[in-house]
Amino acid sequence: MTTTIQPLQASTAISTANLDGYIASTLQIPVLSMEEEHALALRLYEDNDLDAARTLIIHNLRFVIHVARGYLGYGLPLADLVQEGNVGLMKAVNRFNPHKGVRLVSFAVHWIRAEIHEFVLRNWRIVKVATTKAQRKLFFNLRNSKKRLAWLNQNEVDTVAKELGVKCSEVVEMEKRLSNHDLGFDQDHDEHKDESGHFAPATYLSHEEDNPELQVEHEDWESHQARQLQTALTVLDERSRDIIAQRWLSEKRATLQELAAKYEVSAERIRQLESNAIQALKAAVVS
């Protein structure tokens, strides 16, 4: 059976300013006994009683805070972690089957952690560090598996890989990702380093022409000019197009005498045809 508990979301929303008061009031709510929890869960499961769902959620909010505090090491606000955990708690209550013979917290912990995991992965870095199932497993377990702050040696890599059931190369790659940090490509002219002392990538560029923005603009302009030239060439007759191609578009440029011999005219006539063709190309490009 599936129910909808969306109306309860408003009561679990938390702001950073009210976090201390929220935690204090939540810790004052008593924990339900097994009998009380079972009775409420039956009302929700069999009768779709939303009041029972609300009571189950409210009396388990303290458990969400406990789980959320375990993710403070990722540098995200506790209020956001708790709020995401509350969403997981509501999903768990919505799917809880009291006939399975387990306590709600045992079932809900997986949903709470899943929501917090998604939130951490979305917000910890601008660039995602974990996209596959194996990478997510590594992301949340590598820190706990490390016995020291320094880089893992080969024996430690082998041990972690065996414990988490992943390849050694994936452990090394995730350690590199966790050691890196977000860095803006460019900064203000008065700033040379970020807060951690790292230089922005833009400062590595030695010449103005190395600026990616200018490179893209230059390549776009060259492409535009090439398209214009190809269009303009269509206004010329076949002989004039060949003269322009032989004189200006070939790696080995033909001389006036060579073209004169090819078309059995004087070199001066080839020069006139070339000049007229260039004028026609200019007019076509401008138009």
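Let me begin with the inside of this predicted model, where the largest nonpolar core has 35 residues, and where those with the most contacts inside the core are L56, L81, V82, L89, V93, I112 and I116. If you ask which elements give two or more residues to this core, they are α1, α2, α3, which spans residues 50-58, α4, which spans residues 61-69, and then α5 and α6. Of these, α5 provides the largest share, eight residues. Apart from this core lies another one, of seven residues, and L259, A260, I270 and L273 are among its members. As background for those of you who are new to this, nonpolar side chains in soluble globular proteins tend to be buried together.

Let me now step back to the chain as a whole. Its secondary structure comes to 13 helices and zero strands, so when you follow the elements from the N terminus on, you read α again and again. The chain has 287 residues, and buried residues make up 33% of them. About 18500 Å² of the chain is exposed, and carbon and sulfur atoms supply 51% of that area. If we take the contacts between residues at least 6 apart in sequence, 58% of them join residues at least 24 apart.

With that in mind, I would like to look at one helix, α4, and ask which of its residues are buried. They are L61, V64, I65, V67 and A68. Seen down the axis of α4, these buried residues fall within an arc of 165°, and therefore they line one face of the helix. What covers them includes α1, α3, α5 and α6.

We can see a part of that cover from the side of α1, if we turn to T26, which has its place in this helix, residues 19-27. Is T26 buried or exposed? Its relative accessibility is 2%, and because buried means under 20%, T26 counts as buried. When we leave out residues up to four places away in sequence, T26 touches L61, R62 and I65, and of these, L61 and I65 are among the buried residues of α4 that I listed a moment ago. T26 also has a partner at the backbone, since a polar atom of its side chain lies 2.7 Å from the backbone oxygen of Y22.

After α4 the chain enters a loop that leads to α5, and L72 is found there. L72 is partly exposed, with a relative accessible area of 41%, and, leaving aside its neighbours within four places in sequence, L72 is in contact with L78 and L81. You may remember L81 as one of the residues with the most contacts inside the largest nonpolar core.

Let me move on to charged residues. As a general point, side chains of opposite charge can pair when their charged atoms come close. How many salt bridges does the structure hold? There are six, and I will go through three examples.

In one of them, the side chains of E37 and R103 meet, at 3.0 Å from N to O. E37 lies in helix α2, residues 34-47, while R103 lies in the loop between α5, residues 78-95, and α6, residues 104-123, so this pair ties together parts that are 66 residues apart in sequence. E37 is buried, with a relative accessible area of 4%, whereas R103 is partly exposed, at 26%.

Another salt bridge joins the side chains of E115 and K91, at 2.7 Å from N to O. This pair, too, links distant parts of the chain, with E115 in helix α6 and K91 in helix α5, 24 residues apart. E115 counts as buried, at 15% relative accessibility, and K91 is partly exposed, with a relative accessible area of 29%. The remaining example is the salt bridge between the side chains of D49 and R43, at 2.8 Å from N to O, in which R43 is partly exposed, with a relative accessible area of 35%.

Finally, please look further along the chain at R227, which has its place in helix α10, residues 212-233. R227 is partly exposed, with a relative accessible area of 49%. The C-alpha atoms of R227 and V285 are separated by 10.0 Å, and along the chain these two residues are 58 residues apart.

Definitions and conventions
Residues numbered from 1 in each chain as written. Predicted model: local features only at pLDDT ≥ 70, side-chain atom pairs only at ≥ 80, totals over all residues. Heavy atoms only, no water. Helix = DSSP H or I, 4+ residues; strand = E, 2+ residues; numbered from the N terminus. Buried < 20%, exposed > 50% of the residue type's maximum accessible area, 1.4 Å probe, protein only. Polar contact = N/O pair within 3.5 Å; in protein donor to acceptor, adjacent residues only side chain to side chain. Contact = heavy atoms within 4.5 Å. Areas by Shrake-Rupley, 256 points an atom, 1.4 Å probe, with all protein chains shown as cover. Salt bridge = Lys/Arg side-chain N within 4 Å of Asp/Glu carboxyl O. Core = buried A, V, L, I, M, F, W, Y, C linked by side-chain atoms within 4.5 Å. Arc of directions from axis to C-beta.
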